[in-house]
Amino acid sequence: MIEVKDLYKAYGSTKAVDGISFKLEKGEVVGLLGPNGAGKTTCMRMLTCYITPDAGDAIVGGHSILTQPLEVRKNIGYLPESAPLYTDMNVVDYLTFIAEIHELGANTRDRVGEMVDVCGLKTVVYKDISELSKGFRQRVGLASTMIHDPDYLILDEPTAGLDPNQIVEIRNLIREIGHKREKSVILSTHILPEVEVTCDRAIIINDGKIIAEGTTDELTGFARGADVYHVKMLGERKSIENSFKSSQMVQSLEYINTEGGNGHAFRLTSKSDNDISENIFDIAVRDGYKLIGLSRDIASLEDIFRTLTTKEAN
């Protein structure tokens with residue numbers, strides 16, 4: 001298990017990570033979710049003992065990152081956003097080199113072969129890494145991360161820069177690693193669909209703080225009123241916006257450019273769990289607008305994230 005306890009890291013007056021705490025169980029894939037600059041990478045670098053926290057601690061497999069960093073590193077596989085590969089080596093030589101660094105001894109050959117199978121590298125095993133696509137390089141990075149059979153994997157933006165097919169392949173591989181091989185996996189991302197299809201649970205970070213965590217269903221409960229309404233009305237735009245903003249039902253309002261079409265289109269979220277379509281109609285009638293379009297979308301993780309960060313800012 002990984003247990004993070006009030007981790008804090010500041011750079012000057014900037015609080016990169018501001019007292020966060022969470023737990024990660026065996027065989028669980030958890031997404032560290034947040035916008036760029038939220039503190040995800042700083043958190044991961046502290047967990048992997050690359051940087052030291054200013055305060056707090058984390059226990060990884062029973063070992064403290066403060067007092068037992070070498071033991072922590074033995075139990076962790078860390079893949080940074082840009083995998084540090086020796087591109088002049090071929091795949092099998094590189095993995096053998098990494099295995100030797102971990103002093104696997106007589107197990108080196110077997111572990112290299114297993115990682116080639118697990119990460120789907122059979123077709124490129126004798127190619128130089130410089131010749132590989134970004135997707136295959138990422139697979140080589142994952143293989144090197146797991147070569148010493150760590151219990152915990154920490155992956156920073158593991159699908160960044162990949163094409164759609166490669167993204168699907170890496171996501172499936174991560175899920176298999178976590179569930180079938182009973183590894184505990186933390187992956188960071190700012191791509192919301194990544195969490196929905198890859199992770200068991202999400203931890204949402206904003207400005208260095210955890211603002212919510214749980215399954216997608218649980219996060220929906222936290223973000224009450226995150227359902228989205230697409231509204232189109234005839235009338236004066238500013239007046240319509242003022243009508244919505246003065247309503248006790250509306251959480252957020254966003255104008256959508258209609259590119260010369262009739263009416264003004266808006267995207268809004270509500271403060272209520274209940275369907276507010278009737279309330280929107282009542283606003284139109286009360287203030288003399290003509291309602292020409294109205295639809296409701298059940299909240300996605302993206303909508304939940306936007307609602308939670310809006311609430312946090314307020």
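Mentor: Let's begin with one term: a contact means heavy atoms within 4.5 Å. The model is a predicted one, in which local features need pLDDT of at least 70, side-chain atom pairs count only at pLDDT 80 or more, and totals for chains, interfaces and linings use all residues. Residues are numbered from 1 along each chain as its sequence is written, and side-chain values use heavy atoms, with hydrogens and water left out.

Trainee: Thanks! Among contacts in the protein chain with a separation of 6 or more, what percentage comes from residues 24 or more positions apart?

Mentor: Start with the overall picture: the C-alpha atoms of the protein chain fill a box of roughly 80 × 45 × 35 Å along the principal axes. Among contacts with a separation of 6 or more, the percentage from residues 24 or more positions apart is 68%.

Trainee: How many helices and strands does the protein chain have?

Mentor: Both are DSSP runs numbered from the N terminus: helices are H or I of at least four residues, and strands are E of at least two. Counted that way, the protein chain comes to eleven helices and 14 strands.

Trainee: And what percentage of the protein chain counts as buried?

Mentor: Buried means under 20% relative accessible area, exposed means over 50%, and partly exposed is in between (1.4 Å probe, protein chains only). Of the 314 residues of the protein chain, the buried ones make up 49%.

Trainee: Which helix gives the most to the largest nonpolar core?

Mentor: A nonpolar core is a set of buried Ala, Val, Leu, Ile, Met, Phe, Trp, Tyr and Cys residues joined through side-chain atoms within 4.5 Å. The largest one here has 45 residues, and Val91, Leu95, Cys119, Leu121, Val140 and Leu155 have the most contacts inside it. With six residues, the helix that gives the most to this core is H3 (residues 91-101).

Trainee: How many residues are in the other core?

Mentor: This second core lies apart from the largest one. Val4, Val30, Ala58 and Ile205 are among its members, and its residues number 26.

Trainee: Back in the largest core, which residues does leucine 121 touch?

Mentor: Leucine 121 is one of the residues with the most contacts inside that core. Leaving out residues up to four places away in sequence, leucine 121 touches Val91, Leu95, Met115, Val116, Phe136, Arg139, Val140 and Ala143.

Trainee: Now the sheet: which are the edge strands?

Mentor: Two strands pair if DSSP finds at least two bridges between them. Four strands form an open sheet with antiparallel pairing, in the order S2-S1-S4-S5. Each edge strand pairs on one side only, and these are strand S2 (14-24) and strand S5 (63-64).

Trainee: Which residue of S4 does glutamate 3 stand opposite?

Mentor: Strand S1 (residues 2-11) and strand S4 (residues 55-60) run antiparallel and are joined by five bridges. Facing glutamate 3 in S4 is isoleucine 59.

Trainee: What is the phi of aspartate 6 near?

Mentor: Aspartate 6 is found in strand S1. It counts as partly exposed because its relative accessibility is 49%. Its phi is positive, although the residue is not glycine, with a value near 50 degrees.

Trainee: Is cysteine 49 buried or exposed?

Mentor: Cysteine 49 is found in the loop between helix H1 (40-47) and S4. Phi of cysteine 49 is also positive in a residue other than glycine, near 65 degrees. Because its relative accessibility is 10%, cysteine 49 counts as buried.

Trainee: Which residues of H1 are buried?

Mentor: Six of the eight residues of H1 are buried, so this helix is largely enclosed by the rest of the structure. The buried ones are Lys40, Thr42, Cys43, Met44, Met46 and Leu47.

Trainee: One last residue: with which residues is arginine 175 in contact, leaving aside neighbours within four places in sequence?

Mentor: Arginine 175 lies in helix H6 (residues 164-180) and counts as partly exposed because its relative accessibility is 26%. Its C-alpha atom is separated by 28 Å from that of methionine 89, 86 residues apart along the chain. With those sequence neighbours set aside, arginine 175 is in contact with Lys180, Val197, Thr198, Cys199 and Asp200.
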